[in-house]
Amino acid sequence: MSLIEITEVRKAFGDNEVLKGINLDVQPGEVIAIIGKSGSGKSTLLRCINGLETINAGSIAVAGAQLLPDELHLRALRLKVGMIFQQFNLFPHLTVGGNVMVSQTVVKKTGKAEAETMARKMLDRVGLGHKFDAYPDELSGGQQQRVAIARALAMEPIALLCDEITSALDPELVQEVLAVVRELAAEGMTLIMVTHEMKFARDVCSRVVFMHQGRVHEIGPPEEVFSNPQTAELKQFLGML
Amino acid sequence: MSDFSTWDILRNLLLAARWTVVLSLVSFIGGGLLGTLLLFMRIGKVSAARAFARYYVELFQGTPLLMQLFLAFFGLGLFGVDVPAWLAAGLALVCWSAAFLMEIWRGCVDAVAKGQWEASASLGMGYLQQMRHIILPQAIRIAVPPTVGFSVQVVKGTALTSIIGFVELSKAGTIVTNATFQPFTVYGFVALIYFALCWPLSKSAQVLERKLNVAHRNH
Ligand SMILES: Nc1ncnc2c1ncn2[C@@H]1O[C@H](COP(=O)(O)OP(=O)(O)OP(=O)(O)O)[C@@H](O)[C@H]1O
Ligand SMILES: [Mg+2]
């Protein structure tokens, strides 16, 4: 059974239909890269999966549970699916440790000691255990993004959504973040990531989704999509790079 | 020709200044409490409450404080309620401060980046949890300097209550002038006392602003 089932999803902002019937099934452990031109709806699709945008038509199911737009269902869904943002969005008033603990104690009502143990474990996992007491603005962009990953992992999600998580980083910091993602993939985490890192997509992803004008224009294993594009649009997109 | 020494003048003014301070404190604290209530109505999810808070602010920001004082003083009198000047003054200033403080604070809540809402939502927090643990702690930090700054406006605002006969610093200045015929000395002192009240406030608003800005960049 698919872990995430996206069926005929449509989303419009006013008259502007951004998603025009998206179908995508993601198996447990798959790593999906979403590529496509700016404005093709990549971010919007991820935001719909996480319930940050409400869809106009179609359905999204995660681990068999339907995504419904009421608070209770949304929160249940978000416990299953974590999201990492381009701009990190760490909480600036909390320490690194506080960032990773707050959702555990507030949402899951985990005890403080237990939450701290989990936070340290997750920070170690992204190589930042020693930054537990630092504040986000004392960290480099790459470190902040790794904290954001630890923060999402601490909620023990079954899948992670990553929206251009290396695009706001200086080039020399990109690899440290990608290394963490690579490790997650190797451990079997289900990932859906919007990315411009074609080499990374080719190496790590099980399937690549090419989005064009609000539709899944082409989909397939990276070798096929990159080496043997079927449509003129994908050829042009790959040629543009 | 006058029986008033300079010390007499100053003593009378300082005694009246107590009421300026009391009225300022009442207005600021009362306005802060009412403003907090209005703030939660304004940023909450109940649309009737949101509309109420919005109209409230428009009403009090869109009319002069003087009119609000007159209405509190004479208006309630029309309904046969005999309102003493201190009550009308306090009531009008509390309502007026509440409107401005709420607007200031709403701006501070809005100033918290949208990404903070999204990140906390994506971690499964509900609206109240987001507010309490993520948004308000950041908004309060932003709010301190403009809030302290606004307290200066409250102190100055109390001067208007002299018009409905509340004897605070300004009114005392007029009374003492009428008795001594030394307007320059008297109003000179009045101005000095206002300055002594307001300057530390506006100065500390500046200092806080600088300090919190730095604190925000690196703790
Ligand atoms: N909140 C919004 N309100 C109105 N229009 C929006 C909103 N969010 C996105 N859009 C529009 O939806 C379209 C797709 O946006 P989206 O962010 O999904 O594109 P994208 O593929 O992620 O692009 P990029 O590569 O630039 O991030 C764009 O035309 C954008 O202007
Ligand atoms: Mg995008």
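Colleague: Which elements of chain A each supply at least two residues of the shell around ligand 1?

Modeller: Strand 2 (16–26) and helix 1 (42–49) of chain A do. Helices and strands here are DSSP runs numbered from the N terminus: H or I of at least four residues for a helix, E of at least two for a strand. Helix 1 of chain A gives the most, with three residues. This is a predicted model, where local features need pLDDT of at least 70, side-chain atom pairs count only at pLDDT 80 or more, and totals for chains, interfaces and linings use all residues. Residues are numbered from 1 along each chain as its sequence is written, chains are lettered from A and ligands numbered from 1 in the order written, and side-chain values use heavy atoms without hydrogens and water.

Colleague: What makes a residue part of the surroundings of ligand 1?

Modeller: One of its heavy atoms must lie within 4 Å of the ligand. Among those around ligand 1 are Phe13(A), Asn16(A), Val18(A), Lys37(A), Lys42(A) and Glu164(A). By class, the shell has two nonpolar, seven polar and three charged residues. Phe and Val count as nonpolar, Lys and Glu as charged, and Gly as polar.

Colleague: How do you know which polar atoms contact ligand 1?

Modeller: A polar contact is a pair of N or O atoms within 3.5 Å. A polar side-chain atom of Thr44(A) is 2.5 Å from an oxygen of ligand 1. For Gly39(A), a polar backbone atom is 2.9 Å from a ligand oxygen. A polar side-chain atom of Glu164(A) lies 3.3 Å from one. The protein covers 58% of the 630 Å² of accessible area that ligand 1 has on its own, by the Shrake-Rupley method with a 1.4 Å probe.

Colleague: Why is helix 3 of chain A called roughly parallel to helix 5 of chain A?

Modeller: Helix 3 (residues 96–107) and helix 5 (residues 141–153) of chain A pack at about 25°, with axes 8 Å apart. That makes them roughly parallel, because angles under 35 degrees count as such, over 145 as roughly antiparallel, 65 to 115 as roughly perpendicular and the rest as oblique. Angles run from 0 to 180 degrees between N-to-C directions. The crossing is right-handed.

Colleague: Why are helix 4 and helix 5 of chain A called oblique?

Modeller: The axes of helix 4 (residues 112–125) and helix 5 of chain A come within 9 Å and cross at roughly 135°. The two are therefore oblique to each other. Their crossing is right-handed.

Colleague: What makes helix 5 of chain B oblique to helix 6 of chain B?

Modeller: Helix 5 (residues 114–122) and helix 6 (residues 127–157) of chain B cross at roughly 140°, their axes coming within 10 Å. That makes helix 5 of chain B oblique to helix 6 of chain B. This crossing is right-handed.

Colleague: How many helices and strands does chain B have?

Modeller: Eight helices and zero strands. The C-alpha atoms of chain B fill a box of roughly 80 × 50 × 20 Å along the principal axes.

Technical notes:
Polar contact = N/O pair within 3.5 Å; in protein donor to acceptor, adjacent residues only side chain to side chain. Left-handed = near helix turned anticlockwise from the far one by under 90°.
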